[in-house]
Amino acid sequence: MPYKHEDNAFEYRTLGTDGLACDVCGKPIGPDDQVAVCPDCGAVVCKDCCEDGRFDEHECDEWGDMDEGSD
Ligand SMILES: [Zn+2]
Ligand SMILES: [Zn+2]
């Protein structure tokens, strides 16, 4: 097993669902595509954007807590 990098430590996960798109580039996310989810705002960012260092380009609204779920 290679040593695990601690920099750039996105936790990639799959969503298992269709219908979402990357919050940065707008690419449709498939159920098996690896994405990172922003812990602050819940934005979904595709792996390509994360590896390009563009994770911070998504619009991150810091609500504090997410009790106001009007969409
Ligand atoms: Zn993207
Ligand atoms: Zn965010």
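# Why these labels? A predicted chain examined

From the N terminus on, the protein chain runs β-β-β-β-β-α. This is a predicted model, in which local features need pLDDT of at least 70, side-chain atom pairs count only at pLDDT 80 or more, and totals for chains, interfaces and linings use all residues. Residues are numbered from 1 along each chain as its sequence is written, while chains are lettered from A and ligands numbered from 1 in the order in which they are written.

Colleague: What makes a stretch a helix or a strand in this chain?

Modeller: DSSP runs decide (H or I over at least four residues for a helix, E over at least two for a strand), and numbering starts at the N terminus. The protein chain has 1 helix and 5 strands.

Colleague: How do you know how confident the predictor is?

Modeller: From pLDDT, its confidence in each residue on a scale from 0 to 100. The chain has a mean of 84, and 75% of its residues reach 70 or more. Among the elements, β1 has the lowest mean, 95. Strand β3 (residues 28–29) has the highest, 97.

Colleague: What makes β1 and β4 a pair?

Modeller: Two strands pair if DSSP finds at least two bridges between them. β1 and β4 have 3 bridges, in the antiparallel sense, so they pass that test. Arg13 stands opposite Val35 in β4.

Colleague: What joins β4 to β5?

Modeller: Again 3 bridges, with β4 (residues 34–37) and β5 running antiparallel. Val35 stands opposite Cys46 in β5. The two strands form a hairpin with 6 residues between them. Gly42 in the turn has a positive phi of about 80°.

Colleague: Why are β1 and β5 called edge strands?

Modeller: Look at the order first: 3 strands form an open antiparallel sheet, β1-β4-β5. β1 (12–14) and β5 (44–46) each have a single partner strand, so one side of each is left without a neighbour in the sheet. The twist averages 50° from one strand to the next. That angle comes from axes fitted to C-alpha atoms, taken between N-to-C directions on a range from 0 to 180 degrees.

Colleague: Why is Gln34 called partly exposed?

Modeller: Count the other C-beta atoms within 10 Å, placed from the backbone: 20 or more is buried, 12 or fewer is exposed, and in between is partly exposed. Gln34, in strand β4, has 16, so it is partly exposed. Its C-alpha atom is 4.8 Å from that of Thr14, 20 residues away along the chain.

Colleague: Which label do Asp40 and Cys41 get?

Modeller: Asp40 has 13 such neighbours, so it is partly exposed. Cys41 has 14, so it too counts as partly exposed. Asp40 lies in the loop between β4 and β5, and Cys41 is found in that loop. Cys60 is 7.2 Å from Asp40 between C-alpha atoms, and 5.8 Å from Cys41.

Colleague: How many residues of the chain count as buried?

Modeller: Of its 71 residues, 13%.

Colleague: What makes a set of residues a nonpolar core?

Modeller: The members must be buried Ala, Val, Leu, Ile, Met, Phe, Trp, Tyr or Cys, joined through C-beta atoms within 7 Å. The largest such core has 8 residues: Cys22, Val24, Ile29, Val35, Ala36, Val45, Cys46 and Cys49. β4 and β5 each supply at least two of them.

Colleague: How do you know what Val35 is in contact with?

Modeller: Two residues are in contact if their C-beta atoms, placed from the backbone, lie within 7 Å. Leaving aside neighbours within four places in sequence, the partners of Val35 include Tyr12, Arg13, Ile29 and Cys46. On the same basis, Gln34 is in contact with Tyr12, Arg13, Thr14 and Lys47.
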